[in-house]
Amino acid sequence: MATESFTIYLVPEHVEGHPATVQETAVRAEVVAPTGETGASGYPRYAGGGLVADIDATTPAVEALLVDGSELGYGLRAVVLP
């Protein structure tokens, strides 16, 4: 079972390559903790602050994400930091 929490930053795609940091450009940031479940993607499920994500903790990459019960909005990308 995964035990590490992560912060998921929702960042507009149009700022990619911009010199600002992920934290400075994020429109939303939430800490997610492991739920003890495995998501449909096969990766451990994390939840917190209205986000539910399946995260590959080895890379770390978001494999699936719901934001307040809906798919991630067009033009946003999810960035995971420990």
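This is a short talk on an aromatic pair, a strand residue and a loop residue in one structure.

Okay, hi everyone. Before we start, keep in mind that this is a predicted model.

Let's begin with the aromatics. How many aromatic pairs does the structure hold? Just one. The partners are Phe 6 and Tyr 46: their ring centres sit 5.4 Å apart and the planes make an angle of 70°, so we call the pair edge-to-face. For that label, the planes have to be over 60 degrees apart. The pair also ties together distant parts of the chain, with Phe 6 in strand E1 and Tyr 46 in strand E3, 40 residues apart. Are these two buried or exposed? Phe 6 is buried, at 2% relative accessible area, and Tyr 46 is buried too, at 0%.

Next, Ala 61. You'll find Ala 61 in strand E5, which covers residues 61-67. Its relative accessibility is 25%, so Ala 61 counts as partly exposed. Which residues does Ala 61 touch, if we skip those up to four places away in sequence? That would be Asp 54, Ile 55 and Asp 56. And if you want a distance to look up, Ala 61 and Ala 29 are 15 Å apart in space, C-alpha to C-alpha, with their positions 32 residues apart in sequence.

Last stop, Asp 68. Asp 68 is in the loop between E5 and strand E6. Its relative accessibility is 52%, so Asp 68 counts as exposed. Now look at the backbone: Asp 68 has a positive phi, about 50°, even though it isn't a glycine. Why point that out? Because most residues other than glycine have a negative phi.

Methods
Residues are numbered from 1 along each chain as its sequence is written. This is a predicted model: local features need pLDDT of at least 70, side-chain atom pairs count only at pLDDT 80 or more; totals for chains, interfaces and linings use all residues. Side-chain values use heavy atoms; hydrogens and water are left out. Helices (H or I, at least four residues) and strands (E, at least two) are DSSP runs, numbered from the N terminus. Buried means under 20% relative accessible area, exposed over 50%, partly exposed in between (1.4 Å probe, protein chains only). Contact means heavy atoms within 4.5 Å. Rings of Phe, Tyr and Trp (its six-membered ring) pair if their centres lie within 6.5 Å; planes under 30 degrees apart count as stacked, over 60 as edge-to-face and the rest as tilted.
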